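Reader: I'm new to reading protein structures. Could you take me through this one?

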Amino acid sequence: MTVHLVKLCVGIESIDELAAWFDSDDCKKARKRKGLKSPNEHAHWTRMKPKRLEEVLDGGSLYWVIRGRICVRHPILRLDDVQDEKGNAYCAIVYEPKMILTETRPRRAFQGWRYLEEEDVPADLADQRAALRAARAEADLPPKMVAELKALGLL
């Protein structure tokens, strides 16, 4: 049975900003520092390794919460045991760089990552290009207005 991980996307305000970060020099430097050589993988380091390892690796994805909403995911490739330059142990959640936009789901703030059961995952959006264009347009609106429009079912 597959289980997924959900994580806050700290410091990122929009899907468009996340996409831009993946193309940035900062991301390239971070990938090099983390020892990732393949262009088909990225990693997020976390202190705790999932105990439900086999379930996560059975087709699990890393779902990102941006501005209080789950809205994008990355398929997880593997979970690596790694160490930083000081020798501290971490778990690297290695995932595909391709962003898959999903239906939005509200999610309160939390620390670290949480499991997301298969029945609770938001569906992928059918037209990824149109969804990305809409997300870019939404990023230009004030957050309060976006929340009100979403509450009315207009976004």
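Reader: How much area does the chain expose, and what share of it do carbon and sulfur atoms supply?
Author: Keep in mind that this is a predicted model. The chain exposes about 9400 Å². The share of that area supplied by carbon and sulfur atoms is 52%.

Reader: What is the order of helices and strands from the N terminus on?
Author: There are five helices and seven strands to place in the chain. Starting from the N terminus, the elements run β-α-α-β-α-β-β-β-β-β-α-α.

Reader: What percentage of contacts between residues at least 6 apart in sequence join residues at least 24 apart?
Author: Here we leave out pairs that sit under 6 apart in sequence. Of the contacts that remain in the chain, the share joining residues at least 24 apart is 66%.

Reader: Is S61 buried or exposed?
Author: S61 lies in strand β3, which covers residues 61-66. Leaving aside residues up to four places away in sequence, S61 touches H4, L5, R73, H74, P75 and I76. Its relative accessible area is 2%, and the cut-off for the label is under 20%, so S61 is buried.

Reader: How many disulfides are there?
Author: A disulfide is a covalent bond between the sulfur atoms of two cysteines. Take C71, which is buried at 1% relative accessibility: the closest cysteine sulfur, in C9, is 8.1 Å from its own, too far for a bond. The cut-off is 2.5 Å, and by this rule the count of disulfides is zero.

Reader: Which residue meets K49 in a salt bridge?
Author: K49 is partly exposed, with a relative accessible area of 30%, while its partner counts as exposed at 60%. The two side chains come to 3.1 Å, N to O, and the cut-off is 4 Å. K49 lies in the loop between β2 and α3 and the partner in strand β4, so the pair ties together parts that are 32 residues apart in sequence. That partner is D81.

Reader: Which residue does D124 pair with in a salt bridge?
Author: D124 is partly exposed, with a relative accessible area of 37%, whereas its partner is buried at 13%. Their side chains meet at 2.8 Å, N to O. The link joins distant parts of the chain, with D124 in the loop between β7 and α4 and the partner in strand β4, 51 residues apart. The partner of D124 is R73.

Reader: How many salt bridges does a search of the whole structure find?
Author: One of them joins D80 and R78, with the closest N and O atoms 3.0 Å apart. Salt bridges that share partners also join R52, E55 and E117 into one network. For the whole structure, the search finds five.

Key
Residues are numbered from 1 along each chain as its sequence is written. This is a predicted model: local features need pLDDT of at least 70, side-chain atom pairs count only at pLDDT 80 or more; totals for chains, interfaces and linings use all residues. Side-chain values use heavy atoms; hydrogens and water are left out. Helices (H or I, at least four residues) and strands (E, at least two) are DSSP runs, numbered from the N terminus. Buried means under 20% relative accessible area, exposed over 50%, partly exposed in between (1.4 Å probe, protein chains only). Contact means heavy atoms within 4.5 Å. Accessible areas come from the Shrake-Rupley method with a 1.4 Å probe; for residues, only the protein chains shown count as cover.
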